[in-house]
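Me: I have a model open here and would like a close look at a single part of it. Could you walk me through the pocket I ask about, and then through its surroundings?

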Amino acid sequence: MIPCMHAASSPHRFCVAPMMGCTDRHARYLMRLISRRARLYTEMIPTGALLRGDAERALRFDPAEHPVALQLGGSEPADLARCARVAERAGYDEVNLNVGCPSPRVQRGCFGAALMARPRLVAACVAAMRDAASIPITVKSRIGIDDLDDYPRFRDFAGTVAEAGCAALIVHARKAWLNGLSPRQNREIPPLRHDRVYRLKRELPNLVVVLNGGLADLDTAASALGRVDGVMLGRAVWHDLWLLAGVDRALFGAADPAPVWNDVLRGYLAYARLQDTARVAELVRPLLGLRRGTPGARRWRRTLGELARRRDATIDTVARACASPPSGDRSGNAPASFDHREAGLGAPA
């Protein structure tokens with residue numbers, strides 16, 4: 001591990017990417033139990049879902065999640081401004097505009113990566129949100145789309161949104177193909193161009209620049225931090241949540257005790273028991289990535305996955321299924337036997 005000798009001032013030094021179907025409020029709560037300093041992002045929420053749907057339900061989060069940012073999808077400045085005000089009242093620490101998602105559904109809504117072809121519209125959206133709310137307004141983009149992917153165009157896009165008041169630009173360092181590739185393929189096939197993001201930071205030193213894409217572990221993340229203000233990891237964290245256990249010490253220079261696997265699991269199960277309106281499947285899903293790389297991880301995922309599909313499953317049955325903790329966590333601590341009665345979750349079967 002590359003050591004961090006000092007805590008950085010940027011609040012975006014380490015971020016967990018917004019991921020549809022992944023970073024819901026339950027997953028974010030579990031992530032916060034592992035890392036106190038990682039900046040968390042919601043799934044992308046279209047403006048229409050807030051303005052014409054159940055906004056209270058969509059915006060709900062636990063105070064323990066701070067710092068937490070709301071990611072919005074939209075392209076109408078007035079609608080985005082209204083949503084930014086709602087987000088600020090709800091207590092979010094940041095509003096992030098999605099200008100990177102290439103899915104056909106998002107394109108039909110005239111937002112996401114397609115907006116990279118309209119930098120002035122993005123700037124108008126940022127300015128409207130900035131005028132409507134006092135919390136930071138940020139943008140998450142690609143380096144380009146389709147054949148509009150040369151560096152000068154990317155730099156002009158970044159400069160335009162920065163002048164409009166963008167507090168940070170988070171860049172997935174691949175271009176997006178709007179036709180011909182699926183969203184998953186767009187995360188893997190277009191080549192990574194970290195060099196363009198590093199160059200952007202050199203040429204726009206006053207803009208907070210966060211690198212996303214191709215960062216598989218904390219070593220690669222730490223090596224990037226000498227050239228940008230922050231890093232954002234997505235699937236690497238989702239598939240191995242315990243990766244977050246090293247973030248506070250390695251990247252922020254924190255002297256806090258390393259998290260203990262059993263304490264994290266106990267805390268999450270206690271939280272899950274209080275979520276009366278949530279389905280068990282929703283509460284189990286974040287746990288699937290908690291044991292990657294440890295003995296029994298595959299059996300853990302299979303057992304919990306089967307439980308999530310059972311209509312009669314409860315958090316007590318989930319807790320009993322968690323009776324075999326990993327033989328050692330990656331913070332260097334050997335966890336004690338997990339005590340379900342201490343967690344108030346009933347005795348193991």
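Which helix gives the most to the lining of the second largest pocket, and with how many residues?

Reply: Happy to take a look with you, and please keep in mind that this is a predicted model. The helix you are after is helix 1, which gives three residues to the lining of the second largest pocket, the most of any contributor.

Let's stay with that pocket for a moment. Its space comes to about 570 Å³, and 22 residues line it. If you centre your view on the middle of the second largest pocket, the residues nearest that point are Asp24, Arg25, Glu43, Arg57 and Ala58. Besides helix 1, strand 3 (45–46) and helix 3 (55–59) each supply at least two residues of the lining. By class, the lining of this pocket holds ten charged residues, eight nonpolar ones and four polar ones.

From here, helix 1 (25–34) leads us to another part of the fold, since helix 1 is among the elements that the buried residues of helix 13 pack against. The other partners of those buried residues are helix 14 (280–284), helix 15 (297–308) and helix 16 (315–321). Helix 13 itself covers residues 261–273, 13 residues in total. From first C-alpha to last, helix 13 reaches 19 Å, close to the 18 Å expected at 1.5 Å a residue. Its buried residues are Trp261, Asn262, Val264, Leu265, Arg266, Tyr268, Leu269, Tyr271 and Ala272.

Thr47 is also worth a stop, in helix 2 (residues 47–51). Thr47 counts as buried because its relative accessibility is 11%, and the cut-off for buried is under 20%. Leaving aside residues up to four places away in sequence, Thr47 touches Gly73, Gly74, Asp79, Leu80 and Cys83.

Finally, here is the largest pocket to set beside yours. Its volume is about 850 Å³. Of the 34 residues in its lining, Met19, His172, Arg187, Asn212 and Arg235 are the closest to the centre. The largest share of that lining comes from helix 11, with three residues. Helix 11 (235–239) is one of the elements that each supply at least two residues there, along with helix 5 (104–108), strand 6 (137–142), helix 8 (183–186) and strand 9 (230–233). The lining of the largest pocket divides into 14 nonpolar, ten polar and ten charged residues.

How values were computed
Residues numbered from 1 in each chain as written. Predicted model: local features only at pLDDT ≥ 70, side-chain atom pairs only at ≥ 80, totals over all residues. Heavy atoms only, no water. Helix = DSSP H or I, 4+ residues; strand = E, 2+ residues; numbered from the N terminus. Buried < 20%, exposed > 50% of the residue type's maximum accessible area, 1.4 Å probe, protein only. Contact = heavy atoms within 4.5 Å. Expected span 1.5 Å × (residues − 1). 1 Å grid on protein atoms, 1.4 Å probe; cavity = no way out; pocket = protein on both sides within 12 Å on 5 of 7 lines; lining within 4 Å. Points joined across faces, edges and corners; volume = space filled by probe spheres on them. Nonpolar A, V, L, I, M, F, W, Y, C, P; charged D, E, K, R; others polar.
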